[in-house]
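Keep the sequence and the 3D view open side by side. We will go from strands and helices to loops, and end at a pocket.

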Amino acid sequence: MTKYLIKRFSHTDLDGVGSALLLPNVLQEFPEFADADYLPVTYSEPGNEGTIDPNVESFMENNTEAVTHLFITDICPSLPVVRKLAAYCQEKNIQWKIYDHHISSMEIKEAFPENARIAVMDETTGLKHSGTSVIFKELLKKMPTQLFGDEKWERLARVADCIRCYDCWDWQANPTAAYKEEAKDFNNLFYFFSSEKRIELMASVMVNGLSYLDQYQDIVTAMQEKEADYIHGKLKRAQFGTLADLRFAYVFGEQYQSSLGNALAAMEDPETGEVVDFGMVIVGGGVSLRGIKENVDLSVIAKRFFNGGGHQKASGGSFFKQELFIKDYAAPSDEEKLLLSITNS
């Protein structure tokens, strides 16, 4: 029997690293993958400059390994690149799958329904999907929560569900979420480390379970205090703008983008007296968008203006082209304006 060689691509966030490292554990359930070899994971940032497209195209141009299977988790290439990938895999006799949960990736599912296993919400449980939960559902036919109590899978299922709880914002939106504190602490600790150490942390948690994180409690406590002070200070500097007839609050922020963006999304606009439609955290040339309103779909905003994508209430992308002037009151000069660019496609 041919020995399989597997190539993986994934996103750099908690769910991306989690789903990439979860995949071999789940594939072990299938006899044909028992002795498979795995090439290193290629991790990609979302958005214009960091999208997965160049990494996938580079693989197709330069790969010399006898890859038999290719998996992409928690992130999708653009449709033109997926078409190239499909042709490449057909030529090289490579089996390929995409496991994703972002609503902005649904066009890939429509074009390649057998290969792109993309699900936003689980029809059985009503839970929103993450990359980790899509892998469980597609390969084991169960959500992580449905594997609690199963001696073989409970450890990995709880890790996956904690990741899902954070990535889908259940920890904040659902009062009865099982991992309200653990999910946020896991994500903050994940970003406390360098990229290489993040992968090591996730691998250790996969092996040992969520209890592995207990040894970092002192770091987590210090980070919680630091985060609260950071967000409090940034909210004092928040400014307000309009995009596509939607009002938003924004700041420049290098840390805690998710929590900061969510805090911005709950701010009251002094001009209208109403809660803003979404919050925007500007990080270098990128943006992180967060919202709490049901009638605002940030995945549409991210795709239209920032060449990005994501979820209804949590998306991101990058600035480019069309000029937009905003003031950075965190800069040394309060009067200095920063020229940023976006596309209105």
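Helices and strands here are DSSP runs, numbered from the N terminus; a helix has at least four residues and a strand at least two. The model is a predicted one.

Start with strand β8, which covers residues 246-252 and holds Arg 247. Is Arg 247 buried or exposed? The cut-off for buried is under 20% relative accessible area. Arg 247 has 16% relative accessibility, so it counts as buried. Now look at what surrounds this side of the strand. Setting aside neighbours within four places in sequence, Arg 247 contacts Phe 240, Gly 241 and Thr 242. Its other contacts are Asp 269, Glu 271, Val 276, Asp 277 and Phe 278.

Step back along the chain to the loop between β7 (239-243) and β8. Ala 244 sits in that loop. Its phi is near 55°, a positive value in a residue other than glycine. Most residues other than glycine have a negative phi. Ala 244 counts as partly exposed, because its relative accessibility is 33%.

A second positive phi belongs to Asp 74, where the angle is near 65°. Asp 74 lies in the loop between β4 (69-73) and α3. How accessible is Asp 74? Its relative accessible area is 1%, so Asp 74 is buried.

Follow the chain from that loop into helix α3, residues 79-92, where you find Leu 79. With 15% relative accessibility, Leu 79 counts as buried. Beyond its neighbours within four places in sequence, Leu 79 touches Glu 107, Ile 108, Ala 111 and Phe 112. Leu 264 is elsewhere: its C-alpha is 33 Å from that of Leu 79, and the two are 185 residues apart in sequence.

Leu 264 leads us to helix α11, residues 257-265. Why is α11 described as largely enclosed by the rest of the structure? Seven of its nine residues are buried, so the description follows. The buried ones are Ser 258, Ser 259, Leu 260, Gly 261, Asn 262, Leu 264 and Ala 265.

For contrast, find Asp 35 in the loop between α1 (14-27) and β2 (37-38). Asp 35 has a relative accessible area of 60%, so it is exposed. Its C-alpha is separated by 9.4 Å from that of Leu 5, and the two are 30 residues apart along the chain.

Next comes a helix pair. Two packed helices are described by the angle between their axes and the distance between the axes. Helix α6 (residues 154-167) packs against helix α9 (residues 195-208) at about 135°, with the axes 7 Å apart. The two helices are therefore oblique to each other. Which residues make the contact? From α6 come Arg 155, Leu 156, Val 159 and Ile 163. From α9 come Met 202, Val 205, Met 206, Val 207 and Asn 208. By class, the contact has seven nonpolar residues, one polar and one charged.

Finish at the second largest pocket, which holds about 430 Å³ of space. It is lined by 21 residues, and those closest to its centre are Lys 128, Cys 168, Trp 169, His 311 and Lys 313. Which element gives the largest share of the lining? Helix α7 (residues 170-173) does, with three residues. The lining as a whole divides into eight nonpolar, eight polar and five charged residues.

Conventions
Residues are numbered from 1 along each chain as its sequence is written. This is a predicted model: local features need pLDDT of at least 70, side-chain atom pairs count only at pLDDT 80 or more; totals for chains, interfaces and linings use all residues. Side-chain values use heavy atoms; hydrogens and water are left out. On a 1 Å grid over the protein atoms alone, a cavity is a set of points where a 1.4 Å probe fits but cannot get out, and a pocket is an open set with protein on both sides within 12 Å along at least five of seven lines; lining residues have an atom within 4 Å of a point. Grid points are joined across faces, edges and corners, and a volume is the space filled by probe spheres set on the points. Ala, Val, Leu, Ile, Met, Phe, Trp, Tyr, Cys and Pro count as nonpolar, Asp, Glu, Lys and Arg as charged, and the others, Gly among them, as polar. Axes are lines fitted to C-alpha atoms, for helices over the stretch in contact, and angles run from 0 to 180 degrees between N-to-C directions. Angles under 35 degrees count as roughly parallel, over 145 as roughly antiparallel, 65 to 115 as roughly perpendicular and the rest as oblique. Contact means heavy atoms within 4.5 Å. Buried means under 20% relative accessible area, exposed over 50%, partly exposed in between (1.4 Å probe, protein chains only).
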